[in-house]
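Got your viewer open? Let's take a walk through this structure, one selection at a time.

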Amino acid sequence: MTLDSLQLLFFKNYEAASLQFTPGLNCFIGDNGSGKTNLLDAVHYLSLSKSALTPIDGNSIKQGADFFVVKGNFRADADDAPETIQVSLRQGQKKVLTHDKQPYERMADHIGRYPAVLISPYDTDLIREGSEERRKYFDSLLSQFDHGFLDVLIAYNALLRQRNALLKQAAERPSQGFDRDYLLAIDDQLAPLGEQLSEQRAVFIERFTPLFQQHYQQLADGRESVSLTYRSQLLETEFGQLLRQNERRDFVMQRTTAGAHRDDFVFLLDGLPVKGYASQGQQKSYAIALKLAQFEILTLRAAALGTAATKPLLLLDDIFDRLDDKRIARLLELVANDTFGQVFLTDTNLARTDRALANVQAPIRRFSVQAGTVIQL
Ligand SMILES: Nc1ncnc2c1ncn2[C@@H]1O[C@H](COP(=O)(O)OP(=O)(O)OP(=O)(O)O)[C@@H](O)[C@H]1O
């Protein structure tokens with residue numbers, strides 16, 4: 001699968017832009033703050049219907065404008081007709097996502113159809129931040145990997161919101177009484193969904209971990225050993241039982257204190273937590289290895305399904321500035337040996353990009369980015 005072209009209107013610092021891509025490597029070159037990452041983010045929107053940088057879509061509307069449009073033409077194979085994906089948002093309205101001009105009934109139906117993997121300076125947040133960041137990452141990856149998982153996750157989150165609203169209401173308006181039967185009815189539905197999420201996460205991590213370990217060994221020359229474990233109370237105790245055990249506490253806290261929404265993923269290096277023990281370089285390798293394993297598992301899935309979209313788009317933000325030569329060389333080896341399909345990368349220095357890509361056989365297209373304007377070189 002390739003993205004043939006991209007058009008932007010009032011997206012971040014772009015008023016209007018139109019780009020034609022090569023199926024090989026597309027390089028966005030420009031000064032800091034010129035809008036290179038914003039182009040990667042536009043591709044991320046097309047793939048995942050959301051920004052990689054901000055959870056608030058309104059932030060992506062160009063300042064002073066009242067809407068944005070991101071439009072892209074994808075092609076499953078060189079001979080196939082293009083498919084047009086468009087994401088648009090008008091200030092104060094709901095985001096609209098269309099496929100060949102037809103709005104999706106559910107945004108979720110789009111997820112996984114045009115996969116993309118972003119390697120960015122923020123990846124180490126996965127290590128440094130709290131469990132929510134890691135859950136979101138793996139849940140998003142699992143949703144691209146398995147649509148059934150996303151459906152269960154959406155249903156689980158909706159029930160959880162209902163349950164938390166009930167607990168809050170009972171605490172805030174005690175005179176209205178507490179409808180315990182309603183709570184038990186929610187729990188009857190919530191419990192099997194939570195258990196399903198935990199089981200699917202556990203199975204996924206078992207498949208994902210060896211791929212991740214292999215990428216880490218290659219990036220770090222095999223000096224340390226890394227592991228990845230999934231931690232969930234639901235793997236040991238039935239969720240229904242946990243909900244009953246915690247009912248009083250939930251009542252006091254006004255929220256559901258145990259469940260699949262509290263699970264975590266533990267990152268270890270030589271048996272110690274990566275956060276706190278690993279060096280900056282090791283943390284970077286850890287995060288990149290996660291992303292490369294993500295790329296590989298999505299590729300394997302597409303191949304197993306026999307879909308034409310065999311390789312996700314790869315978005316490399318700022319890698320030359322951030323990574324040492326060895327890690328860059330290793331990543332570019334993968335680019336050169338055809339592991340990846342279409343690649344989009346950003347850099348501040350054209351000469352450095354050209355040097356780094358000297359051995360890459362794939363076609364390369366360069367774009368100059370300057371304060372919200374972009375031209376093909
Ligand atoms: N909604 C918006 N309206 C106008 N400008 C915006 C908006 N959102 C972001 N910007 C601008 O986009 C610019 C940042 O662009 P981007 O992150 O793509 O830069 P970059 O070229 O990747 O820089 P670096 O090399 O530092 O990573 C900033 O100048 C920022 O003010």
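Here's a short tour, stop by stop. One thing to keep in mind as you click around: this is a predicted model.

**Stop 1: the ligand**

Start by selecting the ligand and whatever surrounds it. How many residues surround the ligand? There are 18, and the closest are Asn13, Asn32, Lys36, Thr37 and Asn38. Now colour that shell by residue class: you should get 13 polar residues, four charged and one nonpolar. Next, show helix 1, residues 36-48. With three residues, helix 1 gives the most to the shell around the ligand.

**Stop 2: the annotated binding site**

Select Gly30, Asp31, Asn32, Gly33, Ser34, Gly35, Lys36 and Thr37. An unreviewed UniProt entry puts the feature "binding site" at these positions.

Zoom in on two of them. Asn32 sits in the loop between strand 3 (25-30) and helix 1, and Gly35 is in the loop between strand 3 and helix 1 too. Is Asn32 buried or exposed? Count the other C-beta atoms within 10 Å of Asn32 and you get 9, so Asn32 is exposed. For Gly35 the count inside 10 Å is 24, so Gly35 is buried.

Want to see what Gly35 touches? Leaving out residues up to four places away in sequence, pick Lys12, Asn13, Tyr14, Gly30, Val369 and Gly372.

**Stop 3: two positive phi angles**

Lys12 was on that list of Gly35 contacts, so stay with Lys12 for a moment. You'll find Lys12 in the loop between strand 1 and strand 2 (14-20). Its 22 C-beta neighbours inside 10 Å are why Lys12 counts as buried.

Check the backbone here. Most residues other than glycine have a negative phi. For Lys12, though, phi is near 50°, a positive value in a residue that isn't glycine.

Now select Phe10, where phi is also positive and near 50°. Phe10 belongs to strand 1, residues 2-11. Like the last pick, Phe10 counts as buried, because 21 C-beta neighbours lie inside 10 Å.

**Stop 4: two helices that cross**

Hide the ligand and show helix 3 (residues 131-145) with helix 5 (residues 180-220). At what angle do their axes cross? The answer is roughly 85°, and the axes come within 11 Å. That's why helix 3 and helix 5 are described as roughly perpendicular to each other.

To see where they meet, select Phe138, Leu142 and Phe145 in helix 3, plus Gln200, Arg201 and Phe204 in helix 5. Sort this contact by class and you have four nonpolar residues, one polar and one charged.

**Stop 5: the loops leading into these helices**

Select Gly130, in the loop between helix 2 (125-128) and helix 3. Gly130 has 9 C-beta neighbours inside 10 Å, so Gly130 counts as exposed. Add Asp264 and draw a C-alpha to C-alpha distance: the two residues are 134 apart in sequence and 8.8 Å apart in space.

Then jump to Asp179, in the loop between helix 4 (147-172) and helix 5. Asp179 has 12 other C-beta atoms within 10 Å, so Asp179 is exposed. For a last distance, try Asp179 to Gln254: they are 75 residues apart along the chain, with 14 Å between their C-alpha atoms.

Methods: Residues are numbered from 1 along each chain as its sequence is written. This is a predicted model: local features need pLDDT of at least 70, side-chain atom pairs count only at pLDDT 80 or more; totals for chains, interfaces and linings use all residues. Axes are lines fitted to C-alpha atoms, for helices over the stretch in contact, and angles run from 0 to 180 degrees between N-to-C directions. Helices (H or I, at least four residues) and strands (E, at least two) are DSSP runs, numbered from the N terminus. Angles under 35 degrees count as roughly parallel, over 145 as roughly antiparallel, 65 to 115 as roughly perpendicular and the rest as oblique. Two residues are in contact if their C-beta atoms, placed from the backbone, lie within 7 Å. Ala, Val, Leu, Ile, Met, Phe, Trp, Tyr, Cys and Pro count as nonpolar, Asp, Glu, Lys and Arg as charged, and the others, Gly among them, as polar. A residue is near a molecule or strand if its C-beta atom, placed from the backbone, lies within 6 Å of it. UniProt positions are given in the numbering used here, feature names are shortened, and annotations may be inferred rather than shown by experiment. A residue is buried if 20 or more other C-beta atoms lie within 10 Å of its own, exposed if 12 or fewer, and partly exposed in between; C-beta atoms are placed from the backbone.
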